[in-house]
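Please take a moment with the sequence and the model before reading on. The paragraphs below move through the fold strand by strand and then turn to the helices.

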Amino acid sequence: MAKKLALIASKGSLDWAYPPFILASTAAALDYEVQIFFTFYGLTLLKKDLGDLKVSPLGNPAMPMPVPMPNFVQMLPGMESMATMMMKQKIADKGVASIEDLRTACLESGVKLIACQMTVDLFDFKPADFIDGIEYGGAATFFEFAGESNVNLFI
């Protein structure tokens, strides 16, 4: 029996974009059959342009900052942009693959990327908003695969 990994990606920020693509591409390299179901804000990870991905220091108490900052400072205008810039620089400095590269690696290794049709409709997305090579389905599509999977993860 083939090993299977089913993931739900529900978050669409820069820091939450990495886990589903890293786990999926690694599992595919280990010969797992893999599907990622993108729902709600996670759906933005399938958009052609990922330039809007941001990371917020607010609500991320474990996020390492160069200097400690109280929560009220993290709410100030421009702090999200600063945190995003710092995170992107750290990613580049450490040679971590980009989200686009990880997403491409997933597609090339046969990972199925499934956009939640209900969420597509809810947020008025159009197929032209998304990259090529994805599929569309509902919760039943996820459960059909997840019910036979060895590992199921909600991210």
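**From strand pairing to helix faces**

Strands β3 and β4 (residues 135–137) run parallel and are joined by three bridges, and within this pairing I114 has E135 in β4 as its bridge partner. The model in which this is seen is a predicted one. Between the two strands comes helix α5 (residues 117–122), and β3, α5 and β4 together make a right-handed β-α-β unit. Strand β3 is itself largely enclosed by the rest of the structure, because four of its five residues are buried.

On its other pairing, β3 (residues 112–116) meets β2, again in the parallel sense, over four bridges. Two of the partnerships can be named residue by residue: F37 is the bridge partner of I114 in β3, and F38 is that of A115 in β3. I114 therefore turns up in both pairings of β3, since its partners include F37 and, in β4, E135, in a strand that is largely enclosed because four of its five residues are buried.

Strand β2 (residues 33–38) is mostly covered as well, with five of its six residues buried. Six bridges join β2 to strand β1 (residues 4–9), and these two strands also run parallel; here L7 stands opposite I36 in β2. Helix α1 (residues 14–29) belongs to this part of the chain, where β1, α1 and β2 make a right-handed β-α-β unit.

Within β1 lies K4, and one may ask whether K4 counts as buried or exposed. Its relative accessibility is 13%, and because the cut-off for buried is under 20%, K4 counts as buried. The side chain of K4 is joined to that of E148 by a polar contact of 2.9 Å. Leaving aside neighbours within four places in sequence, the residues in contact with K4 include Y32 and E33, and also F145, E148, S149, N150 and V151.

One of those contacts, F145, leads to helix α6 (residues 139–146), whose buried residues are F142, F145 and A146. Seen down the axis of α6, these buried residues fall within an arc of 95°, so they line one face of the helix. The elements that cover them include β1, β2 and β5 (151–154). Turned away from this buried side, the opposite face of α6 carries the exposed residues A140, F143 and E144.

Helix α3 (residues 79–93) can be read in a similar way. Its 15 residues reach 21 Å from the first C-alpha to the last, close to the 21 Å expected at 1.5 Å a residue. Buried in α3 are M79, A83, T84 and I91. They cover an arc of only 135° around the axis, which puts them on the same side of α3. The face turned away from that buried side carries the exposed residues M85, A92 and D93. After α3 comes G95, whose phi is positive, near 70°.

With these parts in place, the whole chain can be set out. The protein chain has six helices and five strands, and from the N terminus on its elements run β-α-β-α-α-α-β-α-β-α-β. Of its 155 residues, 39% count as buried. Among contacts between residues at least 6 apart in sequence, 75% join residues at least 24 apart.

Key
Residues numbered from 1 in each chain as written. Predicted model: local features only at pLDDT ≥ 70, side-chain atom pairs only at ≥ 80, totals over all residues. Heavy atoms only, no water. Buried < 20%, exposed > 50% of the residue type's maximum accessible area, 1.4 Å probe, protein only. Pairing = 2+ DSSP bridges. Right-handed = clockwise from strand over helix to strand, strands pointing away. Polar contact = N/O pair within 3.5 Å; in protein donor to acceptor, adjacent residues only side chain to side chain. Contact = heavy atoms within 4.5 Å. Expected span 1.5 Å × (residues − 1). Arc of directions from axis to C-beta.
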